[in-house]
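Me: Please choose one part of this structure and take me through it closely. I am new to it and would like plain terms.

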Amino acid sequence: MYNRRIFMLGATATAAALGLAACGGEGAGSGGPDTDAAPSEQTVGVAMPTQTYERWVADGNNIKKGLEDKGFKVDMQYAEDDIPTQQQQIDQMVNSGVSVLLIASIDGASLSSQLDAAAAANIPVIAYDRLLTDSENVDFYVTFDNYKVGVNQANALMFGLGLLDEKFEAADDAPKGPLNVELFAGSLDDNNAHLFWKGAIDTLQPYFDDGTLVVLSKQTDIEQAATQRWEQETAQKRMENLLTTHYNGGEELAGVLAPADPLSRGIINALQNAGLGPTIKEGLPIVTGQDAEIASIKLIADGVQSSTIFKDTRNLAEQAIVAAESILKGDNPEANDTETYDNGVKVVPSYLLEVQMVLESNYQQIMVDSGYYTEKQVETGQL
């Protein structure tokens, strides 16, 4: 059976719990699961980071539809990448007495008082795709295998560079190097960015060690490579600066590790504006990606972007709904990982989903034949 931590043990603990609730707003409402209530009598609070990123819109739509199809009410809020707005939105959900919270955070460490308030109100919390850190009041985590995302990105880069063959084994005719590459990372306040980076760097490190790959800028720390809020314009500007500073004397850039499609497109803009390309066949460096956004799938189909990582948000939303429904029925959600995701206070039981590498050779099968996109959407690059 589902067992939420009990905070109110005597007058001292009661006062402490009330204090925690006050930290999150004007006092938490009477929320939490009622296992005897019909779905129509329960509300799931869903906090999403932004609508400016295509994938989060898809996530939100899939979650809302899935929950409503099962009869639940949904209070969904987008914070547009503003941390105080997300804090306020979650305060409101707690105070209104939602039955469970599903949170995709902007900054995983910024919601401690809101999570304390949720715990005081007996509201379980599910972290969605981004781990909520520095708090014991996180009950479950649904995500993709984010370390493997980084591994796949690194392998996609090496495949594009000719170092790996179609089986992702050492290619017989691999270039000897050195090949110049540059590294980009995501936003440091997103725990996933660190997992993507670790998976990629662990995979690339032997090639750095033997000199096959060289980071000409020497910007090899995640802090140097980070892109705040995953912004396309920030990535484009940094790529422009790298080209101006390190590739202005005939040096050849072979590839760029990019952790997400908006960054990929910013990087590609910078490369093309510098006269590289316009396609891979015409000299554009290999650029990786993530999230299989429609604009980037078109670029892959057109031979411009080399790869992306497809994380099927339909499956992630479905798994989040399964977890929420399990909690609302009074059960513990099924976890397939109880060791990996330490949020700084506790190891959060998690359910990890697999990812797929998308290349020019397989985008049709993975993205179109599966029904995720139509051929027309790929042709136009628009939904």
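The reply below follows one helix and then one of its neighbours.

Reply: This model is predicted, so local features need pLDDT of at least 70, side-chain atom pairs count only at pLDDT 80 or more, and totals for chains, interfaces and linings use all residues. Residues are numbered from 1 along each chain as its sequence is written, and side-chain values use heavy atoms, without hydrogens and water.

The part chosen is helix α10, residues 294-301 (helices are DSSP runs of H or I, at least four residues; strands are runs of E, at least two; both are numbered from the N terminus). Buried in α10 are Ile294, Ser296, Ile297 and Ile300 (under 20% relative accessible area, 1.4 Å probe, protein chains only). These four lie on the same side of α10, because they cover an arc of only 160° around its axis (taken from the directions from the axis to the C-beta atoms). The buried residues pack against the helices α2 (54-69), α9 (261-273), α12 (363-368) and α13 (375-380), and against β10 (307-310) and β12 (356-359) (contact means heavy atoms within 4.5 Å). Just after α10 comes glycine 303, with a positive phi of about 75°.

One of these neighbours, α9, also meets α8 (residues 232-246): their axes come within 7 Å and cross at roughly 35° (lines fitted to C-alpha atoms over the stretch in contact, with angles from 0 to 180 degrees between N-to-C directions). Among the residues making this contact are Met239 and Leu243 of α8, and Leu263, Ile267 and Leu271 of α9. Eight residues of the contact are nonpolar, five polar and two charged (Asp, Glu, Lys and Arg count as charged; Ala, Val, Leu, Ile, Met, Phe, Trp, Tyr, Cys and Pro as nonpolar; the others, Gly among them, as polar).

Technical notes:
Buried means under 20% relative accessible area, exposed over 50%, partly exposed in between (1.4 Å probe, protein chains only).
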